[in-house]
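Biologist: I would like to examine the reasoning behind the terms applied to this model. Please set each value against its criterion before drawing a conclusion.

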Amino acid sequence: MTDSVAGVFREEHGRLLAALVRRFGDLDLAEEVASEAVEIALTRWPVDGVPPNPGAWLMTTARRRAVDRLRRDRAYAERLAVLRVEAERADPAPAADVGDGLPDERLQLFFTCAHPALPAEDRVALTLRCLAGMTTPEVARAFLVPVETMAKRITRAKKKIREARIPFRVPGADELPERLPGVLQVVYSIFTEGYAAHRSELAEEAIRLARILRALMPAEREVAGLLALLLLVHARREARGDELVLLEEQDRALWDRAMIAEGTRLVEVALTGGRPGPYGVQAAIAALHDEAADLADTDWPQIVALYEVLLALLPSPVVALNRAVAVAMRDGAEAGLALLDELADDPQLRSYHPYSTARAELLRLLGRDSEAALAFRRALELAGTESERAHLRRKLEG
């Protein structure tokens, strides 16, 4: 029963919090009463059974708790009333409808939290933690920073919202393009966490949100690029299974060819009509992997070229790491290892287990087994999920 409650909470948390914030205009209150509703469910559902509509049950319970809180705390209620009046004076745009006309409250609140008054990284971190249902350690892993640093960042963002009285309202159509990059990063981070932790419900939720964005903003090529990237990576899910199975070890017959075809069509959209964006370029790399019959058949020269384009668009140590691995596939392990060694002093990569894993693999190929074992052990210390740790243990044992 506890697992049932946990599953419902993972599925409903973002929608529940978004609806509560839109109703009461206060993120802290929404978080508190949402947590209280889940605590009540943990007590009652094992006795009464899971209700037919658990999301509605949680929403009703949380709303009642919020009303009780406001009745007890008049000063708090008065402050919320002021915020609601200020939000109404701001003349908010009506909720954006998508698909069959039903608004998606969570996506709307993603745009709301992408307010330009907040630093870009704080916006994304806050949205991932509070609205995407990711834990603080999961968000920290997405940003490659310590958990304590991320906790402070999220607290700072909440404080800024309170002190600046930033209204929780859906931005107008003219504001959406400015806030789009932050929303795309949130959706991508949800997907990558789902991919890393083998949580298909997170990956599929990210794809759902990306499809809504595509319907909402069809002229935005980076939206097409993001959706293409998610589809092209998620198409390999059956071959990955519950264990970490590397790309070269996967049974490509299990890949979802319909999903790959859809993603490939979207890559063409993302790369047509001007300078490509980072998601479009990453999607093009994923498409080259998906189109290849095996590792040897992969167009590594083209992938290296695309990583060079991506590095110019999005300079980051992680992109440089991926380019180094692609160079190793094109030119040999020695060439790739030389590039990895140039990145050895980067503070982000020192705590990023794929860097140590990549070094270990190249050292092993070069016959430097003792050095490879040290690098595998370092990667094992840094790995964030059990599937990653199990994979690295197998490498060490082999």
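Modeller: A cavity is a set of grid points where a 1.4 Å probe fits but cannot get out, and its volume is the space filled by probe spheres set on those points. The model to which this is applied is predicted.

Biologist: How many cavities of 30 Å³ or more does a search of the whole structure find, and how much space lies in the largest cavity?

Modeller: The search returns three cavities at that threshold. The largest cavity holds about 40 Å³.

Biologist: What makes a residue part of the lining of the largest cavity, and which residues are they?

Modeller: A lining residue must have an atom within 4 Å of a cavity point. F110, C113, A114, R123, V124, T127, G182, V183 and V186 line the largest cavity. Two or more lining residues come from each of α5 (105-113), α6 (120-130) and α9 (176-196).

Biologist: How do the lining residues of the largest cavity divide into nonpolar, polar and charged?

Modeller: The division is six nonpolar, two polar and one charged. Arg counts as charged and Gly as polar under the scheme used, so R123 falls in the charged class and G182 in the polar class.

Biologist: What are the general features of the chain, in helices and strands?

Modeller: The chain comprises 21 helices and two strands. Of its 398 residues, 48% are buried. Among contacts with a separation of 6 or more, 65% join residues 24 or more positions apart.

Biologist: Why is T298 called buried?

Modeller: The criterion is a relative accessible area under 20%. T298 has 7% relative accessibility and therefore counts as buried. T298 lies in the loop between α14 (278-291) and α15 (300-313). Its side chain reaches the backbone oxygen of D294 at 3.0 Å. Beyond neighbours within four places in sequence, T298 is in contact with L288, H289, A292 and I303.

Biologist: Why is H353 called buried?

Modeller: The relative accessible area of H353 is 14%, so H353 is classed as buried. H353 belongs to helix α19. With residues up to four places away in sequence set aside, H353 touches A379, L382, A383, G384, E388 and L392. The C-alpha atoms of H353 and R378 are 7.5 Å apart, although 25 residues separate the two along the chain.

Biologist: Why is L380 called partly exposed?

Modeller: Partly exposed denotes the range between under 20% and over 50%. L380 has a relative accessible area of 22% and is therefore partly exposed. L380 sits in helix α20 (residues 369-382). Apart from residues up to four places away in sequence, L380 touches R389, L392, R393 and L396. L380 and P354 are 26 residues apart in sequence, with a C-alpha to C-alpha distance of 9.9 Å.

Biologist: What makes L58 count as buried?

Modeller: At 2% relative accessibility, L58 meets the criterion and counts as buried. L58 is placed in helix α3 (residues 54-72). Its C-alpha atom is 9.4 Å from that of E36, which lies 22 residues away along the chain.

Biologist: Which residues of helix α17 are buried, and how do you know on which side of α17 they lie?

Modeller: The buried residues of α17 (residues 333-342) are A333, G336, L337, L339 and L340. They cover an arc of only 160° around the axis, and therefore lie on the same side of α17. The face turned away from that buried side carries the exposed residues E334 and E342.

Biologist: What covers the buried residues of α17?

Modeller: The cover includes α16 (317-331) and α19 (353-365). Helix α19 is also where H353 is found.

Conventions:
Residues numbered from 1 in each chain as written. Predicted model: local features only at pLDDT ≥ 70, side-chain atom pairs only at ≥ 80, totals over all residues. Heavy atoms only, no water. 1 Å grid on protein atoms, 1.4 Å probe; cavity = no way out; pocket = protein on both sides within 12 Å on 5 of 7 lines; lining within 4 Å. Helix = DSSP H or I, 4+ residues; strand = E, 2+ residues; numbered from the N terminus. Buried < 20%, exposed > 50% of the residue type's maximum accessible area, 1.4 Å probe, protein only. Arc of directions from axis to C-beta. Contact = heavy atoms within 4.5 Å. Polar contact = N/O pair within 3.5 Å; in protein donor to acceptor, adjacent residues only side chain to side chain.
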